[in-house]
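These are my notebook entries on one model. I set out to look up its aromatic pairs, its nonpolar cores and a few individual residues.

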Amino acid sequence: MSKHLFLIHGRNFKPNQKALSDNWLNAIKHGLQRKNVISKFKNVMNDFKNAKKTFVYYGDLSNRLLKAHNLSYDEARDISNRMTCLKKLKTYKKFDKKNYKKLPGAGSVLDDLARIFNRPADAFDIFGVIPQLIGLFAPDMKDYWEERNFAMDARARLTKPLSNALINGDDVCLVAHSLGSIISYDVLWKFSHYGEYQELRKSKPKKVTFITIGSPLGNETVKRYLKGSDKKGAKYPSLVRKWDNFAAEDDYISHDQTLANDYRGMLTNITDHHIYNLAVRNRKSNPHHSTGYLIHPEFIGVLAPWL
């Protein structure tokens with residue numbers, strides 16, 4: 001049985017697959033190399049090296065869709081910005097409130113959005129503006145919910161490699177960011193209930209270790225669009241062994257930071273982690289940025305034992 005780490009990114013414009021996967025893997029590698037991790041899990045770097053790794057990329061689909069909405073993207077600048085962000089994140093020893101409050105613009109994202117939509121920040125629900133306004137700031141999310149080609153094509157990028165891994169008996173850990181967590185949930189639900197995946201279920205695969213970062217899966221609007229949301233006896237995916245959810249302070253996408261109460265019907269072990277994401281993008285705090293989650297000691301504290 002092989003350890004198999006799946007990584008799936010979130011929405012919006014993305015750089016090429018190699019640049020993005022290198023950024024993610026470098027963040028994780030740095031976290032695993034911390035002295036306290038090495039002292040507790042002496043072979044963790046060797047375990048990480050030997051684990052199968054599949055980076056599920058659908059950025060080309062997102063980019064094409066967003067450009068069709070006349071949105072612009074500078075890939076070279078994005079890659080440089082991500083590298084600068086990761087370099088700074090590597091300097092921190094403590095990912096705490098004190099360091100977070102020192103970041104430029106920390107805590108202002110919700111206030112900025114609230115001003116745009118004229119709603120109080122403490123009650124702001126970015127997905128609650130569906131369907132009138134969601135398409136203005138997240139056309140890829142709107143297309144996904146409307147089950148257009150983008151949704152089917154994005155799920156397909158995860159479906160084939162993940163089904164193959166499960167049938168092969170791999171011990172899978174699926175790390176999903178933002179929209180990637182919705183895609184992952186929907187695929188796991190399909191594996192659990194669709195007739196076309198009977199053979200997969202008959203193979204009795206090892207259940208998936210699920211880790212979500214910056215996920216909107218606790219949002220009431222989001223939950224209504226999930227696969228199985230209108231079912232009674234088959235409401236949840238059954239192939240999840242353990243679910244750890246990471247939500248950062250002021251991350252407006254994961255504004256509902258607790259998933260254990262939303263998915264208690266899954267009858268699986270769900271643990272919510274409230275953290276501080278120290279990522280800075282474009283000289284401003286970005287608590288939703290994936291790298292800030294992946295390098296965080298608490299995230300590494302969940303991934304290292306699995307490895």
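I take two residues to be in contact when heavy atoms of theirs lie within 4.5 Å. I note at the outset that the model is a predicted one.

**Entry 1. Arginine 155.** I looked up the surroundings of arginine 155, which belongs to helix 10. Is arginine 155 buried or exposed? I found a relative accessibility of 4%, so arginine 155 counts as buried. Leaving out residues up to four places away in sequence, I listed Tyr144, Glu147, Ile183, Asp186, Val187, Lys190 and Lys227 as what arginine 155 touches. With one of these, tyrosine 144, I found a polar contact between side chains at 3.2 Å.

**Entry 2. Aromatic pairs.** I then turned to the rings, counting a pair when the centres lie within 6.5 Å. How many aromatic pairs come out by this rule? The count is 14 aromatic pairs. I examined the pair of phenylalanine 210 and tryptophan 243: the ring centres are 5.1 Å apart and the planes stand at 40 degrees, so I record the pair as tilted. Phenylalanine 210 lies in strand 4 (residues 208-213) and tryptophan 243 in strand 5 (residues 240-248), so this pair ties together parts that are 33 residues apart in sequence. I checked burial as well, and both phenylalanine 210 and tryptophan 243 are buried. Following the ring pairs onward, I arrived at a cluster made up of Tyr185, Phe210, Tyr236, Trp243 and Tyr263. I also noted a charge over a ring: the charged end of lysine 53 sits over the ring of phenylalanine 48, 4.7 Å from its centre.

**Entry 3. Nonpolar cores.** In soluble globular proteins, nonpolar side chains tend to be buried together. I looked up the largest nonpolar core and found 42 residues in it. Which residues have the most contacts inside this core? They are Leu158, Leu162, Leu174, Ile183, Leu217, Trp243 and Tyr263. The elements giving two or more residues to the core are strand 1 (3-8), helix 4 (59-68), helix 9 (139-145), helix 10 (149-167), strand 3 (171-177), helix 11 (179-193), strand 4 and strand 5. I recorded a second, separate core of 40 residues, which includes Leu5, Leu7, Ala27 and Ala248. I followed leucine 217 further: beyond its neighbours within four places in sequence, leucine 217 is in contact with Ser181, Ile182, Tyr185, Thr212, Val222, Lys223, Leu226, Trp243, Leu259 and Tyr263.

**Entry 4. Helices 4 and 11.** I compared the reach of helix 11 with its expected span: its 15 residues extend 21 Å from first C-alpha to last, close to the 21 Å expected at 1.5 Å a residue. Of the 15 residues of helix 11, 14 are buried, so the helix is largely enclosed by the rest of the structure. In helix 4 I found Gly59, Leu61, Ser62, Asn63, Leu65 and Leu66 to be buried. Helix 9 and helix 10 are among the elements that cover these residues of helix 4.

**Entry 5. Positive phi.** Just after helix 4, I noted that asparagine 70 takes a positive phi of about 65 degrees. Asparagine 70 lies in the loop between helix 4 and helix 5 (75-89). With a relative accessible area of 72%, asparagine 70 is exposed. Asparagine 282 likewise has a positive phi, of about 55 degrees, although it is not a glycine. I placed asparagine 282 in the loop between strand 7 (280-281) and strand 8 (284-285).

**Entry 6. The loop after strand 1.** Histidine 9 lies in the loop between strand 1 and helix 1 (17-32), and glycine 10 is found in that loop too. Histidine 9 counts as buried at 0% relative accessibility, and glycine 10 counts as buried at 0% as well. Not counting residues up to four places away in sequence, histidine 9 touches Lys14, Leu20, Trp24, Phe55, Val56, Tyr57, Tyr58, Gly59, His177 and Gly180. For glycine 10, leaving aside neighbours within four places, I listed Tyr58, His177, Ser178, Leu179 and Gly180. I also noted that glycine 10 and histidine 288 are 278 residues apart in sequence and 10 Å apart in space, C-alpha to C-alpha.

**Entry 7. Threonine 54.** I closed with threonine 54, found in strand 2 (residues 52-56). A polar contact of 2.7 Å joins the side chains of threonine 54 and histidine 4. Apart from neighbours within four places in sequence, threonine 54 is in contact with His4, Leu5, Phe6, Leu7 and Pro161.

Methods. Residues numbered from 1 in each chain as written. Predicted model: local features only at pLDDT ≥ 70, side-chain atom pairs only at ≥ 80, totals over all residues. Heavy atoms only, no water. Phe/Tyr/Trp six-rings, centres within 6.5 Å; stacked < 30°, edge-to-face > 60°. Helix = DSSP H or I, 4+ residues; strand = E, 2+ residues; numbered from the N terminus. Buried < 20%, exposed > 50% of the residue type's maximum accessible area, 1.4 Å probe, protein only. Lys NZ or Arg CZ within 6 Å of the ring centre and 35° of its normal. Core = buried A, V, L, I, M, F, W, Y, C linked by side-chain atoms within 4.5 Å. Polar contact = N/O pair within 3.5 Å; in protein donor to acceptor, adjacent residues only side chain to side chain. Expected span 1.5 Å × (residues − 1).
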